[in-house]
Amino acid sequence: MKILAIECSEAPASCAVFDDESGLTLCESFASVGLTHSRTLMPMVGSMLKNAELTLGDMDAVAAA
């Protein structure tokens, strides 16, 4: 199962994809540009997934904080 994790509860924002079958983090991204999550988080997720050759359709679950 691939899990897209999104952290946006503090000033830095981050996202990652974790594969619980292998126990590996497949990709991750971090940005600390202040409270601009509404403008930066989704492009950051899109870029991370594109670089890892994954799509939102590959995700089995989404976790957000």
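Throughout this passage, a residue is called buried when its relative accessible area is under 20%, exposed when it is over 50%, and partly exposed in between (1.4 Å probe, protein chains only). By that criterion methionine 44, with a relative accessible area of 11%, is buried. The model is a predicted one, in which local features need pLDDT of at least 70 and side-chain atom pairs count only at pLDDT 80 or more, while totals for chains, interfaces and linings use all residues. Residues are numbered from 1 along each chain as its sequence is written, and side-chain values use heavy atoms, with hydrogens and water left out.

The sheet makes a convenient starting point. Four strands, in the order β3-β2-β1-β4, form an open sheet with mixed pairing. The edges are taken by β3 (24-31) and β4 (61-64), each of which has a single partner strand, so one side of each is left without a neighbour in the sheet. On average, neighbouring strands of this sheet are turned by 15° against each other, direction ignored. Here strands (E, at least two residues) and helices (H or I, at least four residues) are DSSP runs, numbered from the N terminus, and two strands pair if DSSP finds at least two bridges between them. Axes are lines fitted to C-alpha atoms, for helices over the stretch in contact, and angles run from 0 to 180 degrees between N-to-C directions.

The pairings can be followed strand by strand. Strand β1 (residues 2-7) runs parallel to β4, and the two pair over 4 bridges; isoleucine 3 has alanine 61 of β4 as its bridge partner. With β2, strand β1 pairs in the antiparallel sense over 6 bridges, and alanine 5 stands opposite alanine 16 in β2. These two strands form a hairpin with 5 residues between them. A second antiparallel pairing joins β2 and β3 over 7 bridges. In this pairing serine 14 has phenylalanine 30 of β3 as its bridge partner, and aspartate 19 stands opposite leucine 24 in β3. Strands β2 and β3 also form a hairpin, with 4 residues between them, and glycine 23 in the turn has a positive phi of about 75°. Of the 7 residues of β2, 5 are buried, so this strand is largely enclosed by the rest of the structure.

Helix α1 (residues 37-51) packs on the sheet, where it touches β1, β2 (13-19) and β3, and its direction makes about 30° with that of β2. Two residues illustrate this packing, with contact meaning heavy atoms within 4.5 Å. Methionine 44 lies in helix α1. Leaving aside its neighbours within four places in sequence, methionine 44 is in contact with Ala13, Ser14, Cys15, Ser29, Phe30 and Ala31. Serine 9, by comparison, is 35 residues from methionine 44 in sequence and 16 Å from it in space, C-alpha to C-alpha. Valine 45, also placed in helix α1, is buried with a relative accessible area of 2%. Outside its neighbours within four places in sequence, valine 45 is in contact with Leu4, Ile6 and Cys15. Between valine 45 and alanine 61 there are 14 Å in space, C-alpha to C-alpha, and a separation of 16 residues in sequence.

Cysteine 15 appears in both of these contact lists. The structure holds 0 disulfides, a disulfide being a pair of cysteine sulfur atoms within 2.5 Å. The cysteine sulfur nearest to that of cysteine 15 belongs to cysteine 27 and is 7.5 Å away, which is too far for a bond. Cysteine 15 is buried at a relative accessible area of 2%, and cysteine 27 is buried at 10%.

Two further residues deserve a look. Aspartate 19, placed in strand β2, is buried yet has no salt bridge, and the nearest side chain of opposite charge, lysine 2, is 4.7 Å away. A salt bridge is a side-chain nitrogen of Lys or Arg within 4 Å of a carboxyl oxygen of Asp or Glu; Lys and Arg count as positive and Asp and Glu as negative, whereas His and the chain ends are not counted. Beyond its neighbours within four places in sequence, aspartate 19 is in contact with Met1, Leu24 and Leu26. Glutamate 53 lies in the loop between α1 and β4 and counts as exposed, at 74% relative accessibility. Although not a glycine, glutamate 53 has a positive phi of about 55°.
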